[in-house]
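Student: I'd like a close look at one part of this structure, the small antiparallel sheet in chain A. Walk me through how its strands are put together, and then work outwards to what else is in the model.

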Amino acid sequence: MERYDIAIIGTGPAGISAALTAKNRNKSILLLGSAALSPKLTKAHRIDNYPGLTQITGADFAQKLREQLDTMGITVTEGQVGAVYAMGDYFGLQVGEEMLEAKTVIVAAGVMQGKLLPGEDRYLGRGVSYCATCDARLYPGKTVAVLGYSAEASKEAEFLAEIAGKVLYFPMNSAIPKESENLVILHEKPQEILGDKTAGTLRTDQGEHKTDCIFVLRDAVMPETLVPGVETDGPHIRVNLQMQTNIPGLFAAGDIAGKPYQYVKAAGQGNVAALSAVSYLQNAGK
Amino acid sequence: MVREITNNNFDAVRNAPFAVVDFNATWCGPCRMLGPIIDELSDEMDDVEFFSCDVDDNGDLALVFGIQSIPAVGVFKNGKLVDMSVGFKPKAAMEHFISTHA
């Protein structure tokens, strides 16, 4: 398997800026994200403070970024990164069911919007899971709930329905999976995850559901879930001015590295992170 | 060295003063990443006995210890479970977790 020099997670201004710089330095790069780039970016009404671009809309800015990636011969690998594992001298990146490898990683995945459900954090790993493909096989014949926030959630629910006895699917912001004998769709709003030592009940605005596991499938996850062992500060990864984190070889840039949430700041940090990764690779003699 | 637990036989852990059990499964991605780290720690932490427990092969043990998500790493003192770490941890963090119970 190819072990990339630099894996970059996120296709907003921070990730793209990091990719451009890394490519310039002749590094092999794995840019993970969406071919449509950052959905937050294309929705921006107008950007007034980006040097060189006068009153540009988010959609036009995204188009220019795409053209720049094409010109530089950088391709985007589509996929959601479930987790980044620091293995010491390299990183394992779980993308769907695949495990990819890189010598360094730049996390530019954006900051998680919205709040966790009460109890979600507390019971994570104890009746709450973020990964259907990872944990489904622990629940053969059992009853599980799926909170479908992400675009992929409906597919994961269908996969779960092949293994679990019963899947209760709560569509939050996503496609509706195929209903079947053991997949039921409930249009209720989850409010809280309850339990004792482990989570056992999902409370919604309309009642309570007993479950063996609650799968919460979101587009973005908290940084410590994305990178086990990384030091965080609220929803942000803690970085220094070189964009280094507490894990050697792991860097962060953009919104996930802290406020202000500005495109020009994100692009600047992406640049610094890429240069720091390049110098890390040099020092490691790889 | 990490010893494999088979047939739900937990005697070796019960008889160990200080043991670490890595509950895992072959199909679990994070478990496969944690495995080599547990291997390395077993070579470096001389006063700890390390075990690997496949939850598919040892379903009864997984049930007894309430394993809900894997990897799960349990610390056992004189056969009693004293702490459990769920999920992947980098080597330094896992070493810290185990050594706090030394």
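Tutor: Sure, let's start with the sheet itself, keeping in mind that this is a predicted model. Three strands of chain A make an open sheet, running in the order S11-S12-S13 with antiparallel pairing. The edges are taken by S11 and by strand S13 (207–210) of chain A; each of these has a single partner strand, so one side of each has no neighbour in the sheet. Going from one strand to the next, the twist averages 25°.

Now zoom in on the S11/S12 pair. S11 covers residues 190–195 of chain A and S12 covers residues 199–204, and five bridges hold them in antiparallel register. A hairpin of three residues leads from S11(A) to S12(A). If you want to trace the register by eye, pick Pro190(A), which stands opposite Thr204(A) of S12(A). Then look for Glu192(A), whose bridge partner in S12(A) is Arg203(A). When you look at which way the side chains point, remember that in a regular strand they alternate between the two faces of the sheet.

Chain A also has an open sheet with parallel pairing, made of five strands in the order S7-S14-S8-S9-S10. Its edge strands are S7 (128–129) and S10 (183–185) of chain A, and each of them pairs on one side only. Helix H5 (residues 153–161) of chain A packs on this sheet, where it touches S8 (143–148), S9 (166–171), S10 and S14 of chain A. The direction of H5 makes about 170° with that of S8(A). Over at the S7 edge, S7(A) and S14 (residues 213–217) of chain A pair in the parallel sense through two bridges. One spot to check there is Ser129(A), which has Phe215(A) as its bridge partner in S14(A).

Zooming out, chain A splits into domain 1 (3–113 + 220–284) and domain 2 (128–217). Taken over C-alpha atoms, the centres of the two domains of chain A are 30 Å apart. Five residues of domain 1 and four residues of domain 2 make up the contact between them. On the domain 1 side of that contact there are one nonpolar, three polar and one charged residues.

For a helix pair, try H1 (residues 13–24) and H7 (residues 263–284), both in chain A. Their axes come within 7 Å and cross at roughly 40°, which makes H1(A) oblique to H7(A). The crossing is right-handed. On the H1(A) side the contact includes Pro13(A), Ala14(A), Gly15(A) and Ala18(A), while H7(A) brings residues including Tyr263(A), Ala266(A), Gly270(A) and Ala274(A). By class, the contact of these two helices has 13 nonpolar, six polar and no charged residues.

A few backbone oddities sit in loops near these elements' ends in sequence, so to speak, and they're handy stops. Just look at Asn26(A), found in the loop between H1 and strand S2 (29–33) of chain A: this residue isn't a glycine, yet its phi is positive, at about 65°. In the loop between strand S17 (250–252) and H7 of chain A you'll meet Pro260(A); the peptide bond leading to Pro260(A) from Lys259(A) is cis, with omega near 0°. Chain B has a cis peptide bond as well, joining Ile70(B) and Pro71(B) with omega of about 5°. Pro71(B) lies in the loop between helix H3 (59–64) and strand S4 (72–77) of chain B.

Last stop, the contact between the two chains, which takes 20 residues from chain A and 15 residues from chain B. On the chain B side, helix H2 (29–44) and helix H4 (91–99) each supply at least two residues. H2(B) gives the most to that side, with three residues. By class, the chain B side divides into eight nonpolar, five polar and two charged residues.

Notes
Residues numbered from 1 in each chain as written. Chains lettered and ligands numbered in written order. Predicted model: local features only at pLDDT ≥ 70, side-chain atom pairs only at ≥ 80, totals over all residues. Axes fitted to C-alpha atoms, helices over the stretch in contact; angles between N-to-C directions. Helix = DSSP H or I, 4+ residues; strand = E, 2+ residues; numbered from the N terminus. Parallel < 35°, antiparallel > 145°, perpendicular 65-115°, else oblique. Left-handed = near helix turned anticlockwise from the far one by under 90°. Contact = placed C-beta atoms within 7 Å. Nonpolar A, V, L, I, M, F, W, Y, C, P; charged D, E, K, R; others polar. Pairing = 2+ DSSP bridges. Domains from an automatic or database assignment.
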